[in-house]
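Morning, everyone. Please bring up the model on your screens, and keep it open while I talk.

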Amino acid sequence: MRRAAFTRLLAIAAPVPASMLATEVGLTEGQVEAELGRLAASGAISRDDSGAVVAAGGLAVTPARHRLLLGGHGYWTWCAFDGIGIPAALELDAVLDTRCPACGAGLRITITAGNPPAGSPVVGWLPGGPCTNVQDDFCPEANLFCTEAHRATWRQTAGDPPGTAATLYALAETGRQVWADLT
Ligand SMILES: [Zn+2]
């Protein structure tokens with residue numbers, strides 16, 4: 001169901017009604033409702049007031065923290081990691097617009113056929129704490145920083161949270177594994 005929602009969001013870049021998913025996965029609307037409710041409770045998808053899916057697997061068609069131009073459509077993502085990992089898994093061109101939490105500078109990452117630029121000083125952070133709801137527990141700290149120095153400054157200011165630093169290349173590699181089951 002999560003995969004069907006992700007695939008439809010990617011195809012239409014607009015909210016996906018539950019009825020569309022019922023046809024796609026061959027379940028009744030009641031069964032789809034139950035499954036969507038379960039996924040929404042864990043943060044794996046987001047829904048709008050009409051019950052349509054507006055985000056799945058980090059890819060959103062309503063405003064979120066980071067902007068992602070992907071396959072010619074405009075999206076948002078929950079984490080900066082989504083903005084690197086999703087294009088990597090799909091092997092698509094993309095442009096991610098995000099912001100360094102240490103200094104507030106805008107960061108634009110241009111991705112070519114799923115590959116982030118080589119030799120960029122930009123570094124990412126993968127939070128390592130407990131995660132019961134990905135949007136609440138993981139995404140707020142899964143950001144990109146101008147440089148390793150800005151990442152270190154942020155971590156100190158944030159009270160030394162658990163996690164690992166990752167280059168753009170490493171984020172893309174990890175993303176290919178994380179999103180393998182959605183592509
Ligand atoms: Zn910075």
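I'll go from the whole protein to the metal site, then to charged pairs, and end with some details of the backbone.

First, a caution. This is a predicted model. Keep that in mind throughout.

Let's start with the overall build. How many helices and strands does the protein have? The secondary structure comes to 7 helices and 10 strands. The radius of gyration is 16 Å, close to the 16 Å that the globule rule gives for 183 residues, so the protein is as compact as a globular protein of that length. Taken along the principal axes, the C-alpha atoms fill a box of roughly 50 × 35 × 25 Å.

Now the inside and the outside. Of the 183 residues, 43% are buried. The protein exposes about 8,500 Å², and carbon and sulfur atoms supply 53% of that area. Next, contacts. Take those with a separation of 6 or more: residues 24 or more positions apart account for 56% of them.

Next, the metal. Which residues hold the zinc ion as protein donors? They are Cys100, Cys103, Cys146 and His150. Each cysteine gives its SG atom, and the histidine gives ND1. These atoms lie 2.0 to 2.3 Å from the zinc ion. Look at how the donors are spread along the chain. The spacing is C-x2-C-x42-C-x3-H.

What is the geometry of the zinc site? It is tetrahedral, with angles of 100 to 119 degrees among the 4 donor atoms. For reference, the ideal angle for four tetrahedral donors is 109.5 degrees.

Are Cys146 and His150 buried or partly exposed? Cys146 has 15% relative accessibility, so it counts as buried. His150 has a relative accessible area of 25%, so it is partly exposed. The cut-off to remember is that buried means under 20%.

On to the charges. Side chains of opposite charge can pair when their charged atoms come close. A search of the whole structure finds 8 salt bridges. I'll show you some of them.

Go to helix 3, residues 29–41. Glu35 and Arg38 meet there in a salt bridge, at 2.8 Å from N to O. They are 3 residues apart in the helix, so about one helical turn separates them. Glu35 is partly exposed, at 25% relative accessibility. Arg38 is exposed, at 51%.

Helix 6, residues 148–157, has a pair with a 3-residue gap too. Here Glu148 and Arg151 form a salt bridge, with 2.6 Å from N to O. Again, the two are separated by about one helical turn. Which partner is buried, and which is partly exposed? Arg151 is buried, with a relative accessible area of 9%. Glu148 is partly exposed, at 39%.

One more pair, this time between strands. Arg108 and Asp97 meet in a salt bridge at 2.9 Å, N to O. This pair links distant parts of the chain, with Arg108 in strand 7 (residues 106–111) and Asp97 in strand 6 (residues 94–99), 11 residues apart. Arg108 is exposed, at 60% relative accessibility. Asp97 is partly exposed, at 27%.

Now move to helix 1, residues 2–12. Its buried residues are Ala4, Ala5, Phe6 and Leu9. What covers them? The cover includes helix 2, strand 2, strand 3, strand 5 and helix 4.

Right after helix 1 comes Ala13. It sits in the loop between helix 1 and helix 2. Check its backbone: phi is near 50 degrees, a positive value in a residue other than glycine. Most residues other than glycine have a negative phi. Ala13 is partly exposed, at 23% relative accessibility.

Ala113 also has a positive phi, near 50 degrees. Find it in the loop between strand 7 and strand 8. Ala113 is partly exposed, with a relative accessible area of 38%.

Last stop: Glu29, in helix 3. Which residues does Glu29 touch, leaving out those up to four places away in sequence? They are Ser19 and Ala22. Ser19 is 10 residues from Glu29 along the chain, and their C-alpha atoms are 6.4 Å apart. Glu29 itself is partly exposed, at 48% relative accessibility.

That's the tour. Questions, please.

Definitions and conventions
Residues are numbered from 1 along each chain as its sequence is written. This is a predicted model: local features need pLDDT of at least 70, side-chain atom pairs count only at pLDDT 80 or more; totals for chains, interfaces and linings use all residues. Side-chain values use heavy atoms; hydrogens and water are left out. Donors are N, O and S atoms within 2.8 Å of the metal (3.2 Å for Na, K and Ca); water is not among the atoms, so sites may look incomplete. Four donors count as tetrahedral if all angles lie between 85 and 135 degrees; four count as square planar and six as octahedral if opposite donors are over 155 degrees apart and all others between 65 and 115; anything else is irregular. Buried means under 20% relative accessible area, exposed over 50%, partly exposed in between (1.4 Å probe, protein chains only). A salt bridge is a side-chain nitrogen of Lys or Arg within 4 Å of a carboxyl oxygen of Asp or Glu. Helices (H or I, at least four residues) and strands (E, at least two) are DSSP runs, numbered from the N terminus. The radius of gyration is taken over C-alpha atoms; the globule rule is 2.2 Å times the number of residues to the power 0.38. Contact means heavy atoms within 4.5 Å. Accessible areas come from the Shrake-Rupley method with a 1.4 Å probe; for residues, only the protein chains shown count as cover.
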